[in-house]
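Open the model in your viewer with residue labels switched on. The stops below each give a selection and then say what is there.

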Amino acid sequence: MFKDILNYSLLGNEIIQYGMALSFFIGGVIAIKILEAVVLIRIKKWAKKTEAFIDDILIRNIEKSAIPLLFLGILYYSIHAYLKLSPRTERAVYTIAVGVGAFLLVRTASSLIRRAIEKYWEKKHPAEAEGERRSIRGISSFINLIVWVIGIIFTLDNLGFQISAVVAGLGIGGVAVALAAQTILGDLFNYFVILFDQPFKVGDFIVIDTKMGFVDKIGIKTTRIHSLTGEQLIFSNTDLTNSRIHNYQKMEKRRIEFKFGVIYQTEPETLEKIPVVLKEIIESIPDAEFDRAHFYNFGDSSLDFRAVYFIKNSEYISYMNTQQTINLALIRAFRDMGVDFAYPTRTIFIEK
């Protein structure tokens with residue numbers, strides 16, 4: 001009687017065949033669980049000892065996708081090897097297996113690429129602003145979309161769908177869209193140029209031609225700058241990459257050159273003292289670094305001096321405060337020395 005039960009046919013397969021398929025599946029599940037408990041735990045311990053981030057990403061994706069993929073493979077092989085299915089059922093099982101398997105593989109590839117990009121960016125730019133992090137997440141999402149589109153196309157191709165005509169149509173349509181939106185696409189590509197080449201970033205003070213201000217936001221099409229006069233300036237990314245940009249945030253120290261003149265009646269001995277006095281004034285300021293000062297020119301109505309010094313930071317307000325301190329100290333020193341600043345004058349000689 002037990003033999004009759006085993007030989008009983010259900011949906012075209014005997015009970016013993018269902019039992020063999022189930023036994024194989026259970027054995028495969030046990031083997032995968034043992035593999036996960038023994039090998040994966042050891043790999044996790046090893047990964048904790050390393051400083052590289054790629055092994056942590058791989059282990060996370062193995063747990064998330066590779067293990068379910070093994071379960072799927074065991075299930076599909078159990079059904080395919082031990083059970084006889086109708087062509088329609090066989091096709092349905094194959095389609096489901098390929099679809100689920102492709103989903104897991106594409107998800108793994110997408111997660112690996114996205115996490116690798118984000119981790120690499122965090123490692124190279126640990127102190128970037130939140131706007132920069134949002135930008136890199138936007139790029140990783142864009143790459144993620146491309147991976148999913150490619151994965152879906154290959155999956156449909158493996159399932160027997162004729163996608164060559166669809167791909168050709170997408171290619172022609174893509175060319176048409178590119179021609180119609182070449183300005184937008186140009187700004188998009190230049191967005192990537194700005195993001196990866198980093199001529200400036202959010203928070204930098206930049207000057208473009210006669211416009212200047214702090215970078216507020218770097219968008220996919222436009223970059224927004226908060227000007228010193230209060231309004232917001234909006235530039236297309238293409239305009240920015242084609243322009244000469246002065247980025248003052250990259251400046252480690254500021255070089256300042258200024259000029260002044262004294263009257264022609266000043267004595268030569270006093271003229272010799274002026275560069276020395278100027279050097280003493282600049283060296284007395286903590287953030288200032290004296291470079292040179294010279295009497296360099298005979299002007300129309302003045303004896304001209306030129307001085308150069310450095311400020312050891314890039315802050316504009318620091319530059320203005322330092323220059324003001326120098327100017328006031330120079331006025332006091334000239335008053336003590338009896339030196340007068342020159343101003344435009346004209347002397348007329350009249351013959352009798």
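The model is a predicted one. Begin by selecting helix α3, residues 54-82, and pick out Gly-73 within it. Gly-73 has a relative accessibility of 37%, so it counts as partly exposed. Now add Ala-97 to the selection: 24 residues separate it from Gly-73 in sequence, and the C-alpha to C-alpha distance is 8.0 Å.

**Strands β3, β4 and β5**

Next, select residues 205-208 and 211-218, which are strands β3 and β4. The two strands pair in the antiparallel sense, over 4 bridges. To see one pairing, label Ile-206 and Gly-213, its bridge partner in β4. Strands β3 and β4 make a hairpin with 2 residues between them. In that turn, check the backbone of Asp-209, where phi is positive at about 55 degrees.

Extend the selection to strand β5, residues 222-227. β4 and β5 run antiparallel and are joined by 5 bridges. Here Lys-217 has Arg-224 in β5 as its bridge partner. These two strands also form a hairpin, with 3 residues between them.

**Salt bridges**

How many salt bridges does the structure hold? There are 5. Show the side chains of Lys-201 and Asp-204, which form one with an N to O distance of 3.8 Å. Is Asp-204 buried or exposed? Its relative accessibility is 2%, and because the cut-off for buried is under 20%, Asp-204 counts as buried. Lys-201, at 24%, counts as partly exposed.

Move to Lys-253 and Glu-289, whose side chains meet in a salt bridge at 3.7 Å, N to O. This pair links distant parts of the chain, 36 residues apart. Lys-253 sits in the loop between β7 (245-247) and β8 (254-262), while Glu-289 belongs to strand β9, residues 288-298. Both ends are partly exposed: Lys-253 has a relative accessible area of 38%, and Glu-289 has a relative accessibility of 31%.

Then select Asp-291 and Arg-292, which form a salt bridge whose closest N and O atoms are 3.6 Å apart. Arg-292 is partly exposed, with a relative accessible area of 30%, and Asp-291 counts as partly exposed at 39%. For the last stop in this group, select Arg-255, Glu-257 and Arg-306 together; salt bridges that share partners join these residues into one network.

**Nonpolar cores**

Switch to a side-chain view and select Phe-260, Val-262, Ile-274, Leu-278, Tyr-309 and Ile-326. These residues have the most contacts inside the largest nonpolar core, which has 24 residues. Which elements each supply at least two residues of this core? They are β8, α9 (268-283), β9, β10 (303-311) and α10 (316-337). Colour α9 separately, since this helix gives the most to the core, with 6 residues.

Finally, select Leu-188, Phe-200, Ile-208 and Leu-233. They are among the 14 residues of another core, which lies apart from the largest one. As background to both cores, nonpolar side chains tend to be buried together in soluble globular proteins.

Technical notes. Residues numbered from 1 in each chain as written. Predicted model: local features only at pLDDT ≥ 70, side-chain atom pairs only at ≥ 80, totals over all residues. Heavy atoms only, no water. Buried < 20%, exposed > 50% of the residue type's maximum accessible area, 1.4 Å probe, protein only. Pairing = 2+ DSSP bridges. Salt bridge = Lys/Arg side-chain N within 4 Å of Asp/Glu carboxyl O. Core = buried A, V, L, I, M, F, W, Y, C linked by side-chain atoms within 4.5 Å.
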